[in-house]
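Please open the structure in your viewer and keep the selection tool at hand. The stops below are arranged as a sequence of selections, each with a short account of what is found there.

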Amino acid sequence: MENTVEAIATNNLLIIFSSIVIIGIILGKLSEKLKLPDVILYLIAGIIIGPAVLNLISVDAFPIENNLILTFGSAFILYEGGREVNLKVLNKVKISVGLLATLGVIISTVVVGFATNKIFGLPIMTSLLVGGIIASTDPAALIPVFKQVNIKNKIKQTVVSESAFNDAVGAIIVSTLLGIITSGNFSAGESAQELLISVVVGVIVGIVVGYIFSVLISDKKWGIFHSYAPIISILKVALAYEIATNLHGSGYMAVFIVGLIAGNKKIFGLWVPEEDFKSEYHFRESIASLCRMAIFVVLGTHVDLSALSQYWIPSLIIVLILMFIARPIVVLICTSLDTKAKWSTNDKIFMMWVRETGVIPAALSGIVVSMKIPGYEIISSVVFMTILITLIIQASTTKLVAKKLDVLDIEKDQVELKKVS
């Protein structure tokens, strides 16, 4: 019995899970001592224990489990990000968010694409594919950092909302470019229609699922499941993602909207009984921590050091162009078009700095690598160099930059200091 293929696979999966949790707990505690974002240490640990170095764990041997970790993990963290957004604040910056998540992604794709074409000599469509893959920011990386660094609410919710909404746009751009590269066909009308359907379906599914479950766990007449609020927090993420995906919508958009409604349910006159709210809160925190550990350890095991060693210098140049040319252009254009938001110069500079890359670009890169698109080794190298550099440099310096630019939420920091003392 213990020697069957299924039993061996199950045992290996349990070992992977146990290893991730042990590593996550130890490094999470270490990150507190070092005052570094824990995701950086998780990523480095994944590289060390993965095929690139010690080869102790190869998650690629379990593609289904690997996809489950990346898909559900990023979806749950995105749901948590939605809960952090205040609709009243979001309404004030909705134009900035919309522009950053659409026009911003297109600008990044074009700037990085042309740079890739000049530096690597890849065909222009393949070069634009590189730009499209790394154009979107990552809520799975940003949200944990913002949980540790108290940024002013207006900036925090703009950046988090942008990272949630631009995933759908980035994914559509990549799928469109892949279609052109593999078949040579391109239809601007079909691409625009696909993007519209993806966004609209995701939003509608998120609203419906989010509202129904918020009612079912409320203290209202229909709130008959409020004692199961912790379990339902997982259920609604899984349901929203799957329903939206099966209806050709954006699953990530749907779970973000579910979180948005859950975090703003008081606007709809819905309340969760205090005892159930506390149990749900602690349960969600634990699941989010586990997802964060798993995602970045798994991402670390995917890093191909041989490709990085071959292309690291030109890949690094591409990352620097993304960070110091593409992103500043995006922020300047998109915030300038939103005069009502009244962004200060320091606000804009901070938004230029926080554009961490992570789960979604890694997943899109994995699709390209599996399709063996010509130049996929270069694409893989650029994507993981982007993830490494943006996480290690930008995520670790977020608080320092925020302090220098005076965009920290001082009142919230003081409240938390009092709690600790």
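In which helix do F76 and Y79 lie, and how many residues apart are they? Both are in helix 3, which covers residues 63-84, and they stand 3 residues apart, about one turn of the helix. Before going further, note that this is a predicted model.

**Stop 1: aromatic rings in helix 3**

Select F76 and Y79 and display their rings. The structure holds 6 aromatic pairs. In the pair formed by F76 and Y79, the ring centres are 5.7 Å apart and the planes meet at 50°, a tilted arrangement. F76 has 0% relative accessibility and therefore counts as buried. Y79, likewise at 0% relative accessibility, is buried too. Now add F72 to the selection: F72, F76 and Y79 make up one aromatic cluster.

**Stop 2: an aromatic pair between two helices**

Next, select F324 and W353. Their ring centres lie 6.1 Å apart with the planes at 45°, so this pair is tilted. The two residues link distant parts of the chain, 29 residues apart: F324 belongs to helix 14 (residues 305-336) and W353 to helix 15 (residues 345-353). Is each partner buried or partly exposed? F324 counts as partly exposed, at 48% relative accessibility. W353, with a relative accessible area of 17%, is buried; the cut-off for this class is under 20%.

**Stop 3: a salt-bridge network**

Return to helix 3 and select E80 and R83, together with E280 and R284. The structure has 5 salt bridges in its count. Begin with R284 and E80, whose side chains meet in a salt bridge at 2.7 Å, N to O. This contact links distant parts of the chain, since R284 is in helix 13 (residues 274-302) and E80 in helix 3, 204 residues apart. R284 has 5% relative accessibility and counts as buried. E80 is also buried, with a relative accessible area of 2%.

Proceed to E280 and R83, where a salt bridge spans 3.6 Å, N to O. Here again distant parts of the chain are linked: E280 is in helix 13 and R83 in helix 3, with their positions 197 residues apart. E280 is buried at a relative accessible area of 1%, and R83 is buried at 13%.

Which residues of helix 13 are joined to each other by a salt bridge? The side chains of R284 and E280 meet at 3.8 Å, N to O. Both belong to helix 13, where they are 4 residues apart, about one turn of the helix. R284 and E280 are both buried. Through shared partners, the salt bridges join E80, R83, E280 and R284 into one network.

**Stop 4: a nonpolar surface patch**

Turn now to the surface and select I44, I48, V53, L54, L56, L305, I392 and I393. These residues make a nonpolar patch of about 650 Å². Helix 2 (38-49) and helix 17 (376-395) each contribute at least two of its residues. One residue to highlight is I393, located in helix 17. At 35% relative accessibility, I393 counts as partly exposed.

**Stop 5: a positively charged patch**

Select K35, K399, K403 and K404. These four residues gather on the surface in a patch of positive charge. K399 lies in helix 18, which comprises residues 398-405. With a relative accessible area of 43%, K399 is partly exposed.

**Stop 6: two loop residues with positive phi**

Finish with the backbone. Most residues other than glycine have a negative phi. Select K342, which is not a glycine and yet has a positive phi of about 55°. K342 is placed in the loop between helix 14 and helix 15. Its relative accessible area is 70%, so K342 is exposed.

Then select K372. Where is K372 placed? K372 is in the loop between helix 16 (359-371) and helix 17. Its phi is near 55°, a positive value in a residue other than glycine. K372 is partly exposed, with a relative accessible area of 49%.

Terms used
Residues numbered from 1 in each chain as written. Predicted model: local features only at pLDDT ≥ 70, side-chain atom pairs only at ≥ 80, totals over all residues. Heavy atoms only, no water. Patch = residues over 30% accessible without salt bridge, like charges linked within 9 Å, V, L, I, M, F, W, Y side chains within 5 Å. Areas by Shrake-Rupley, 256 points an atom, 1.4 Å probe, with all protein chains shown as cover. Lys, Arg positive; Asp, Glu negative; His and termini not counted. Charge placed at Lys NZ, Arg CZ, Asp CG, Glu CD. Buried < 20%, exposed > 50% of the residue type's maximum accessible area, 1.4 Å probe, protein only. Phe/Tyr/Trp six-rings, centres within 6.5 Å; stacked < 30°, edge-to-face > 60°.
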